Each structure stands twice: as structure tokens, then as C-alpha cells.
Amino acid sequence: MTHMELLATFYTHYGAMRFHKRCAKEGMLSKMAPVPRVLSASCGVCVRFEAACAPNAEEHEDMERCYTVAASGAYAPVEG
């Protein structure tokens, strides 16, 4: 199964921490990091992770948006 690199922004730091812990619990590689300036988010913290498909932001507490991360470093919002 092919995994893609994703980045999720959050409204609160707590929401980012909860999502990061959930990724670890589900065996996904993830790390918390500052939100890239070009994306900007309310809390300033994002979670970069690898997954087979992007999560639905509406299903995760405080998730503002999810982006795919291209090999070039460009970000594209995940629709849906």
C-alpha cells in the first residue's frame, strides 16, 4: 500500500497533540512541527504524517485542514 506525506493544521495545540497521539497509536509515522508560514493556522502547530489516504478533517477534533505534501515541498489542500 502506497503512503503519501500529509500535513494537518489545527485550531488548537491540544487538538494537534491528540491527533499526533492517535497517529502513534495507529502505527503511523508522525511528528508535530510549526505550521509552514505559507499555510498559517490558528495555533501554529501542525502534524506531518504518512498515510494511505487523507483523513476527513470533520472527523477529527480541532483539525482545521489537511494538505498533501509534494516531493517539491508544495502543499495542496485535500478536498472532502
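Throughout these legends, buried means under 20% relative accessible area, exposed means over 50%, and partly exposed is what lies in between (1.4 Å probe, protein chains only). The model is predicted, so local features need pLDDT of at least 70, side-chain atom pairs count only at pLDDT 80 or more, and totals for chains, interfaces and linings use all residues. Residues are numbered from 1 along each chain as its sequence is written, and side-chain values use heavy atoms, with hydrogens and water left out.

**View 1. How confident the predictor is, element by element.** pLDDT is the predictor's confidence in each residue, on a scale from 0 to 100. Its mean over the chain is 89, and 95% of the residues reach 70 or more. Helices (H or I, at least four residues) and strands (E, at least two) are DSSP runs, numbered from the N terminus. Among these elements, β2 has the highest mean pLDDT, at 96, and strand β4 (residues 63-69) the lowest, at 93.

**View 2. Phe-10, Phe-19 and Phe-49 make up one aromatic cluster.** Rings of Phe, Tyr and Trp (its six-membered ring) pair if their centres lie within 6.5 Å; planes under 30 degrees apart are called stacked, over 60 edge-to-face, and the rest tilted. Searching the whole structure turns up two aromatic pairs. In one of them, the ring centres of Phe-10 and Phe-19 are 5.6 Å apart with planes at 45 degrees, so this pair is tilted. Phe-19 also pairs with Phe-49: here the centres are 5.1 Å apart and the planes at 70 degrees, so the pair is edge-to-face. That second pair ties together distant parts of the chain, with Phe-19 in helix α1 and Phe-49 in strand β3, 30 residues apart. As for burial, Phe-10 has a relative accessible area of 0% and Phe-19 one of 5%, while Phe-49 is buried too.

**View 3. Helix α1 (residues 13-25) has a buried side and an exposed one.** The helix has 13 residues and reaches 19 Å from its first C-alpha to its last, close to the 18 Å expected at 1.5 Å a residue. That expected span is 1.5 Å times one less than the number of residues. Gly-15, Ala-16, Phe-19 and Cys-23 are its buried residues. Looking down the axis, they fall within an arc of 100 degrees, so they line one face of the helix; the arc is taken from the directions from the helix axis to the C-beta atoms. On the other side, Lys-21, Ala-24 and Lys-25 are exposed. The cover over the buried residues includes β1, β2, β3 and β4. Just past the end of α1, Gly-27 takes a positive phi of about 80 degrees.

**View 4. β3 pairs with both β1 and β2.** Two strands pair if DSSP finds at least two bridges between them. Strand β1 (residues 4-10) runs antiparallel to β3 over six bridges, and β2 is antiparallel to β3 over five. Phe-49 is a handy landmark in β3: Leu-6 stands opposite Phe-49, and so does Ser-30. β3 is mostly covered, with five of its seven residues buried.

**View 5. β4 pairs with β1 and with β5.** β1 and β4 are antiparallel over five bridges; Ala-8 has Cys-66 in β4 as its bridge partner. β4 also pairs antiparallel with strand β5 (residues 75-77), over three bridges, and Tyr-67 stands opposite Pro-77 in β5. β4 and β5 form a hairpin with five residues between them, and Gly-73 in the turn has a positive phi of about 95 degrees.

**View 6. Val-45 is buried in strand β3.** Its relative accessible area is 13%. Contact here means heavy atoms within 4.5 Å. Setting aside neighbours within four places in sequence, Val-45 is in contact with Thr-9, Phe-10, His-13, Ala-16, Met-32, Ala-33 and Val-35. The C-alpha atoms of Val-45 and Pro-34 are 4.7 Å apart, with 11 residues separating the two along the chain.

**View 7. Val-38 sits exposed in a loop.** The loop in question lies between β2 (30-34) and β3 (45-51). Val-38 has 67% relative accessibility, so it counts as exposed. From Val-38 to Tyr-75 is 9.2 Å, C-alpha to C-alpha, although the two are 37 residues apart in sequence.
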